[in-house]
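The following exercises concern the strands and helices of one protein chain. Please study the structure and work through each solution in order.

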Amino acid sequence: MAGPGVNVSRIITLTTDFGLSDPYVGIMKGVIFSINPEASVVDISHQIKAGSIIHAAGLIREAYHFFPEGTVHVVVVDPGVGSERRPIVVKTEGHLFVGPDNGLFSPFIAASQHTKIIHITEKRYFRPDVSPTFHGRDIFAPVAGHLSLGVDPREMGPTISDPVSIALPKSAKKGNILLGEVVRVDHFGNLITNIRRDEIEQFTGTRRPVISVRDIVVEGVSRTYGDVRVGEVLALVGSSGYLEIAVNLGRACDRLGLNEDEYTGVEVEVKRTR
């Protein structure tokens with residue numbers, strides 16, 4: 001079984017940068033169901049920016065805790081596929097994460113006091129023929145299928161203590177400004193930032209915040225999109241708990257005049273009204 005600290009569920013989530021126009025995601029699901037026909041596979045997103053480890057790490061951090069204990073989260077954003085980078089399982093107090101050792105799981109490793117990281121080396125849990133370019137199909141999907149059946153991840157290889165680590169972008173106070181950045185743009189064109197609600201409240205106190213993203217300036221934080229007229233820009237704290245810039249029935253990203261690849265990393269400033 002999966003060992004102490006994790007009660008295995010049959011739920012497996014998938015997060016990739018594969019998109020949906022190719023058969024890759026469906027193939028991974030076929031591999032999982034071939035091992036565990038009773039598995040329940042949930043797509044979190046397959047629209048991760050190609051090769052963006054930071055985008056994937058932030059998105060899965062936002063989503064994973066809404067799933068029940070014992071869920072297996074497969075994350076395949078793997079620009080180093082076929083290289084010497086290690087395939088790993090990360091076991092926290094309540095969840096299992098499967099994917100490449102390239103920093104994807106840094107948020108969970110840092111946040112959990114009882115994390116175990118297993119280097120997957122036991123080939124009996126792989127598909128018979130492993131392609132150097134599709135480890136999602138040949139390693140990560142079958143490993144997830146076996147984990148969902150209750151296989152202890154410690155049977156899959158040795159425990160390691162030196163996982164690759166990356167730092168997700170954080171907001172910071174600089175003088176009289178709370179400085180953050182746009183970390184992604186969602187399907188509706190909203191600019192999702194890395195500034196949390198509590199950070200804004202602590203920074204502004206009883207004064208109203210003034211939020212600036214390049215030429216966009218918004219005073220105050222709205223409660224809902226409908227608090228402003230159609231076509232107006234607003235700032236609000238989204239369902240993830242992070243500040244976002246939106247347009248009521250419009251796309252805030254279009255107001256910046258940037259190419260799709262240029263949104264991420266754009267600075268966001270929060271100031272206090274006098």
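Two strands pair if DSSP finds at least two bridges between them. Helices (H or I, at least four residues) and strands (E, at least two) are DSSP runs, numbered from the N terminus. The model is predicted: local features need pLDDT of at least 70, side-chain atom pairs count only at pLDDT 80 or more, and totals for chains, interfaces and linings use all residues. Residues are numbered from 1 along each chain as its sequence is written, and side-chain values use heavy atoms, leaving out hydrogens and water.

**Exercise 1.** Determine the strand order of the open sheet and its edges.

Solution. Step 1: the seven strands follow the order β2-β1-β3-β5-β4-β6-β7, with mixed pairing. Step 2: β2 (40-45) and β7 (159-160) each pair on one side only, which makes them the edge strands.

**Exercise 2.** In which sense do β1 and β3 pair?

Solution. Step 1: five bridges connect β1 (residues 11-16) with β3 (residues 72-76). Step 2: the sense is parallel. Step 3: Thr15 has Val75 in β3 as its bridge partner.

**Exercise 3.** Describe the surroundings of β10.

Solution. Step 1: five of the six residues of β10 (residues 191-196) are buried (under 20% relative accessible area, 1.4 Å probe, protein chains only). Step 2: β10 runs antiparallel to β9 (residues 177-185), joined by three bridges, and Arg184 is partnered by Ile192. Step 3: five residues separate β9 and β10 in their hairpin, where Gly189 in the turn has a positive phi of about 85°. Step 4: three bridges also join β10 to the antiparallel β14 (residues 242-247), and there Ile192 stands opposite Glu244.

Definitions and conventions
Buried < 20%, exposed > 50% of the residue type's maximum accessible area, 1.4 Å probe, protein only.
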